[in-house]
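Reader: I have the sequence and the model open. Walk me through some local features, please.

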Amino acid sequence: MIPDALFTVFAAVLGLLIGSFSNVLIWRLPRRESVNFPPSHCPNCDHALAPIDLVPVLSWAVLGGKCRYCKAPISPRYPVVELVTGAAYALLSVVFPFSQVGASLLGLCLLFTLLLVASVIDQETYTIPDEISLPGAAIGLLFGLVNARSGAAGAVGLPVFAEALRGMLLGAGLLIAIDLLGSWVMRRFRERAFPDFPLGYQQIALSLLAGAWLGVWWGVGVGVLSAVANLLARRTFRVPEWLTLGGTLLSLVLTSTGVGPSLILMVQGALAAAGGMALLCGLYWWLSPLITKTPEDDSDDYDASAMGFGDVKLAALIGAFLGWEKLIVAVVFAVLAGAVLGVLQLLIFKENRLKFGPYLAIGAVLALLFGTQLVQMYRGLFGL
């Protein structure tokens, strides 16, 4: 058995190496470049880098932050990402010792890397690549499946499969519900400027309403049937938002009077169904080459958005790795961090467009480290 102290050193070194690869992802994914070809090269002179140029942190320091071949400056982001990843891996190995959690520590480190890469890309481009969020959510489910089979029911901060699936759906559902309702208000309750074909926001809103009354899978099924109807008719059947979103709000009022399912079941069913449909839409938009129109294609038709769709998928990833309870903790932390740092951003940089992905990532890390204690404290406070 490897001593925990020695494994911490190993985790730190591994983090430095993974941090170096993270820089490759941060540079290449937004530019739609392959992450493995061509080999590492200077982005300025395109000269291939030798192994001595790729030693984490040290190469940058020895070269004085400049390319060996063309003397172009190398962003200090490279050593910062490497150092942060190395330090984070070491910290995780201390908080979750390898002798206690075994290979599950790999999942925690992977989660941190995915969050860091997504955050830096979002900070620089206002986008979160699907190549990070969607496969990442699937990997979170895979770790949940492994935990379920081994009987490690969330003991290491990673939930079993059922809780991972629930966290993924509710994570996506919570943020897409905020987006749907917030955007509706921002448009002053007008319909979206253009319909989605064959599936999109209309089907998500329909699943939100259906899930409130029928539960998660029937809710997703209703959204899928709507998309199938669009395909068969080769046109989009517009479902008005006053019916779907207004109907969802009315449903919450009705259930508070004793009509229909309980309020908790209705909210969970609505959010999970909307989250499931949102992930189907995200997967379709990622894989399908048939998408011909997006909001950016026509500025006259652009719909105001209360929440980026990349944030929705990132929340699904976080929920898959942490489960729904810690997901709520992460979102609360993210909102608080966004409120405080967003005001500072506005005052200092005069920028009012909030990049929510980095705050979600901060919230997820805090939830990973302190979420269990906070959930237990909350339950004890209310006698749950």
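Author: This is a predicted model. By class, the lining of the second largest pocket has seven polar, six charged and 19 nonpolar residues.

Reader: Which residues lie nearest the centre of the second largest pocket?

Author: The lining counts 32 residues. The pocket holds about 670 Å³ of space. Nearest its centre lie His41, Leu49, Leu54, Ile74 and Tyr78.

Reader: Which helix gives the most to that lining?

Author: Helix H1 (4-28), helix H2 (58-62) and helix H3 (77-95) each supply at least two residues of the lining. Six residues come from the helix that gives the most, and that helix is H1.

Reader: Which class does the aromatic pair of Phe7 and Phe10 fall into?

Author: The structure holds seven aromatic pairs, one of them formed by Phe7 and Phe10. Both residues lie in helix H1, three residues apart, about one turn of the helix. Their rings are 5.5 Å apart centre to centre, with 50 degrees between the planes. Planes under 30 degrees apart count as stacked and over 60 as edge-to-face, so this pair is tilted.

Reader: What is omega at the cis peptide bond?

Author: The bond joins Phe37 and Pro38. Pro38 is found in the loop between H1 and H2. For this cis bond, omega is about -5 degrees.

Reader: Which residue has a positive phi although it is not a glycine?

Author: Look in the loop between H1 and H2, where Asp46 is found. Phi is about 70 degrees there, and the residue is Asp46.

Reader: At what angle do H8 and H9 pack?

Author: H8 covers residues 201-214, and H9 covers residues 216-233. H8 passes H9 in a right-handed crossing. Their axes are 7 Å apart, and the packing angle is about 145 degrees.

Reader: How many charged residues take part in the contact of H8 with H9?

Author: H8 brings Gln203, Leu206, Ser207, Ala210, Gly211 and Leu214 to the contact. H9 brings residues including Trp218, Val220, Gly223 and Asn230. Glycine counts as polar here, so Gly211 and Gly223 fall in that class. The contact divides into seven nonpolar, seven polar and, for charged, no residues.

Key. Residues are numbered from 1 along each chain as its sequence is written. This is a predicted model: local features need pLDDT of at least 70, side-chain atom pairs count only at pLDDT 80 or more; totals for chains, interfaces and linings use all residues. Side-chain values use heavy atoms; hydrogens and water are left out. Axes are lines fitted to C-alpha atoms, for helices over the stretch in contact, and angles run from 0 to 180 degrees between N-to-C directions. Helices (H or I, at least four residues) and strands (E, at least two) are DSSP runs, numbered from the N terminus. A crossing is left-handed if the near helix is turned anticlockwise from the far one by less than a right angle, and right-handed if clockwise. Contact means heavy atoms within 4.5 Å. On a 1 Å grid over the protein atoms alone, a cavity is a set of points where a 1.4 Å probe fits but cannot get out, and a pocket is an open set with protein on both sides within 12 Å along at least five of seven lines; lining residues have an atom within 4 Å of a point. Grid points are joined across faces, edges and corners, and a volume is the space filled by probe spheres set on the points. Rings of Phe, Tyr and Trp (its six-membered ring) pair if their centres lie within 6.5 Å; planes under 30 degrees apart count as stacked, over 60 as edge-to-face and the rest as tilted.
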